[in-house]
Structure formats: C-alpha cells, structure tokens
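Colleague: I am new to this structure and would love a close look at a single part of it. Could you pick one residue, show me what surrounds it, and then work outwards from there?

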Amino acid sequence: MRTSLAPVDENLSFEVKNSVGEVIKLPISTNANGVGIVELSDYYTRKAGRYQVAVLLSDNSYAGKANFFTVHPAQVSEQLSGLTPGNQVVRYLGEKAYFNVKLLDKFSNPIEGHLVKLISSSGSDTIKTISKTGLTDSVGEIKFE
C-alpha cells in the first residue's frame, strides 16, 4: 500500500478493515515527498470479501477518503468441502434422500456461484437440485433431492 500527498516526514498508519469489521493498523513513515509504503501480507487477507483501507494521521483522524478492494476465495479445498450426509441409502422405491454440498477454500471461505452436479451410483436414480439458482449460495452450499 502506498500513500500519496500525505504529510511530509510523519509517522502514520494504514487502517485496514475486512468485511466482518476486523481492523488492523500498519504503521508507516512518510518521506520528504509525503509518500509512505507498506506491504500488506496475505496473512491479513485470508477472509474473502470487501476490504476498506484508510490512512490514519498521528492524531487518529483520517487523511483523505477510504479506498476499497475485494479479496476473492481461493480454489476449492477437498479437505474442507464436502457432502452431507456422507452415506445415505434409500431402502425402497420412491423414498427420497436429501444431500447438501458445501464448497470452501483452504481458509474456510465459502465458494459462491459454482455449478455442482451430483451423480448417483445407480443409473435409475433421479437427482434434482433444490436450490433456487442451481448454484452454490453465499455460504457455499447447494441442496439436492
């Protein structure tokens, strides 16, 4: 992150707020041109969502307007994603079974908007998507019957 037109030779900080309201402050010192630079580690951006960044002056007032950036989920994690229930057996013709698929990335961020197809081991089964859009929802889930 980089400041521009900040007070010259000052100790300031970047305030970064994630989508759930968690805040971190990263100290910076500006140079003779009012520029201060700090690297935002990916440690602080593991939570997917919209982030707000602002510069705090030494008196804790804000310098200028806040800026925003978006962190998207990583790839689907096979270890954290899954199907529930894991095992389900339909005992007689016409009986229904219900399944829930949840997709998460390696940081437990839900993966929204993915098309998921559930395939039965029996060719005679009919599987319907219960979810309205046919895609994973905001918590990474899609339901089947």
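Modeller: Happy to! Let us start with Tyr51, and with the company it keeps in this predicted model. Setting aside neighbours within four places in sequence, Tyr51 is in contact with Val16, Lys17, Asn18, Tyr44, Thr45, Arg46, Asn67, Phe68, Phe69 and Val71. Tyr51 itself is found in strand β3. Is Tyr51 buried or exposed? Its relative accessible area is 2%, and because anything under 20% counts as buried, Tyr51 is a buried residue.

Now look at the sheet around this residue. Four strands make up an open sheet, in the order β2-β1-β3-β4, with antiparallel pairing. β2 and β4 stand at the edges with a single partner strand each, so one side of each has no neighbour in the sheet. From one strand to the next, the twist averages 20°. If you follow β3 across to β4, you will find that seven bridges join these antiparallel strands. One pair to pick out there is Leu56, which stands opposite Tyr62 in β4.

Next, the nonpolar residues. In soluble globular proteins, nonpolar side chains tend to be buried together. Which residues make up the largest nonpolar core here? There are 11 in all: Ala6, Leu12, Phe14, Val16, Leu26, Ile28, Val38, Tyr51, Val53, Val55 and Val71. So our starting residue, Tyr51, belongs to this core, where a core is a set of buried residues joined through side-chain atoms within 4.5 Å. The elements that contribute two or more residues to the core are β1 (11-17), β2 (23-29) and β3 (49-56). Apart from this core lies another one, of eight residues, and Val101, Leu103, Val116 and Phe144 are among them. To get a feeling for the distance, take Tyr51 and Val116: they are 65 residues apart in sequence, and their C-alpha atoms are 29 Å apart in space.

While we are at β3 and β4, have a look at the second largest pocket. It holds about 250 Å³ of space. Its lining counts 14 residues, and those nearest its centre are Arg2, Thr3, Ser4, Val55 and Asn67. Two of these names are already familiar: Val55 is a member of the largest nonpolar core, and Asn67 is one of the contacts of Tyr51. β3 and β4 (62-71) each supply at least two residues of the lining, and the largest share, four residues, comes from β4.

Gly64 also has its place in strand β4. With 66% relative accessibility, Gly64 counts as exposed. Gly64 and Ser4 are 60 residues apart in sequence, yet 10.0 Å apart in space from C-alpha to C-alpha.

The loops deserve a visit too. Lys47 is found in the loop between β2 and β3, and with a relative accessible area of 34% this lysine is partly exposed. Beyond its neighbours within four places in sequence, Lys47 is in contact with Asn18, Ser19, Val20, Val71 and Asn109. Lys47 and Asn109 are 62 residues apart in sequence, and 6.5 Å apart in space between their C-alpha atoms. Notice that Asn18 and Val71 are on this list, and that both are also on the list for Tyr51.

Some backbone details are worth a look as well. Most residues other than glycine have a negative phi, and most peptide bonds are trans. Asp9, in the segment before β1, has a positive phi of about 50° although it is not a glycine. Asp9 counts as exposed, at 58% relative accessibility. In the loop between β3 and β4 sits Asn60, whose phi is also positive, near 70°. Asn60 is exposed, with a relative accessible area of 54%. As for peptide bonds, the one from Thr84 to Pro85 is cis, with omega near -10°. Pro85 has its place in the loop between β5 and β6.

That brings us to another sheet. Three strands form this open sheet, in the order β5-β6-β7, and their pairing is antiparallel. The edge strands, β5 (82-84) and β7 (141-144), each pair on one side only. Three bridges join β5 to β6 (residues 99-102), and Thr84 stands opposite Asn100 in β6. Thr84 is thus a good place to end our tour: the cis bond to Pro85 starts from this residue.

Notes. Residues numbered from 1 in each chain as written. Predicted model: local features only at pLDDT ≥ 70, side-chain atom pairs only at ≥ 80, totals over all residues. Heavy atoms only, no water. Pairing = 2+ DSSP bridges. Buried < 20%, exposed > 50% of the residue type's maximum accessible area, 1.4 Å probe, protein only. 1 Å grid on protein atoms, 1.4 Å probe; cavity = no way out; pocket = protein on both sides within 12 Å on 5 of 7 lines; lining within 4 Å. Points joined across faces, edges and corners; volume = space filled by probe spheres on them. Contact = heavy atoms within 4.5 Å. Axes fitted to C-alpha atoms, helices over the stretch in contact; angles between N-to-C directions.
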